[in-house]
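Please look through the model below from end to end. The paragraphs after it go through its confidence, a helix pair, a core and a loop residue.

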Amino acid sequence: MALRHKELIKFAIVGGTTFVIDAAIFYFLKLTVLEEKPVTAKIISGVIAVICSYILNREWTFQDRGGRETHHEAMLFFGVSGVGVVLSFLPLWVSRYVLHLQVPDVSFTVENIADFVSAFIIGNILQMIFRFWSMRRWVFPDELEAEASINAARD
């Protein structure tokens with residue numbers, strides 16, 4: 001079963017790694033220089049995590065897929081990931097600016113729990129589902145396998 005779902009398992013490991021990177025940078029920024037701008041902190045941490053994700057997914061998770069030129073593949077990856085970053089910070093934006101789950105309306109503890117749940121649980125689930133589907137479909141499709149089948153049929 002693990003062999004059958006090896007890409008999903010690798011994608012989840014990369015996701016866990018970039019989750020730690022994203023969370024560490026987000027909380028560092030949110031608790032220091034961007035204390036008043038948590039959405040900006042989330043966007044910055046998300047962009048850095050996306051760059052790490054590209055490197056890890058290209059070199060490890062989807063190493064047997066693709067076939068496109070690197071610049072084209074990177075453009076697709078960062079386009080899909082840009083949508084993922086938006087999906088990850090939208091719940092935080094709603095939590096902060098629609099539901100007003102921030103100090104002084106709620107306690108500091110409630111604010112941080114709401115930030116974590118909205119940005120890292122809801123936001124990451126939304127972006128992870130979208131990104132895995134999009135990566136397999138558009139960024140790292142099975143072009144190498146399809147190309148090999150076409151070449152085998154010609155021979």
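**Confidence, packing and core**

Among the elements of the protein chain, the lowest mean pLDDT (the predictor's confidence in each residue, from 0 to 100) belongs to helix α5 (residues 143–154), at 55, and the highest to α1, at 91. Helices here are DSSP runs (H or I, at least four residues), numbered from the N terminus. The mean for the protein chain is 85, and 88% of its residues reach 70 or more. This is a predicted model: local features need pLDDT of at least 70, side-chain atom pairs count only at pLDDT 80 or more, and totals for chains, interfaces and linings use all residues. Residues are numbered from 1 along each chain as its sequence is written, and side-chain values use heavy atoms, with hydrogens and water left out.

Helix α1 (residues 6–31) packs against helix α4 (residues 108–139) at an angle of about 145°, their axes 11 Å apart. Axes are lines fitted to C-alpha atoms over the stretch in contact, and angles run from 0 to 180 degrees between N-to-C directions. The residues in contact (heavy atoms within 4.5 Å) include Phe11 and Phe19 of α1 and Phe116 and Phe120 of α4.

The largest nonpolar core (buried Ala, Val, Leu, Ile, Met, Phe, Trp, Tyr and Cys residues joined through side-chain atoms within 4.5 Å) has 22 residues. Phe62, Phe77, Met135, Val139 and Phe140 have the most contacts inside this core. Its largest share, 6 residues, comes from α3.

Arg65 lies in the loop between α2 and α3. Is Arg65 buried or exposed? Arg65 is buried, because its relative accessible area is 10% and buried means under 20% (1.4 Å probe, protein chains only). The C-alpha atoms of Arg65 and Asp142 are 5.3 Å apart, although 77 residues separate the two along the chain.

Methods
Helix = DSSP H or I, 4+ residues; strand = E, 2+ residues; numbered from the N terminus. Buried < 20%, exposed > 50% of the residue type's maximum accessible area, 1.4 Å probe, protein only.
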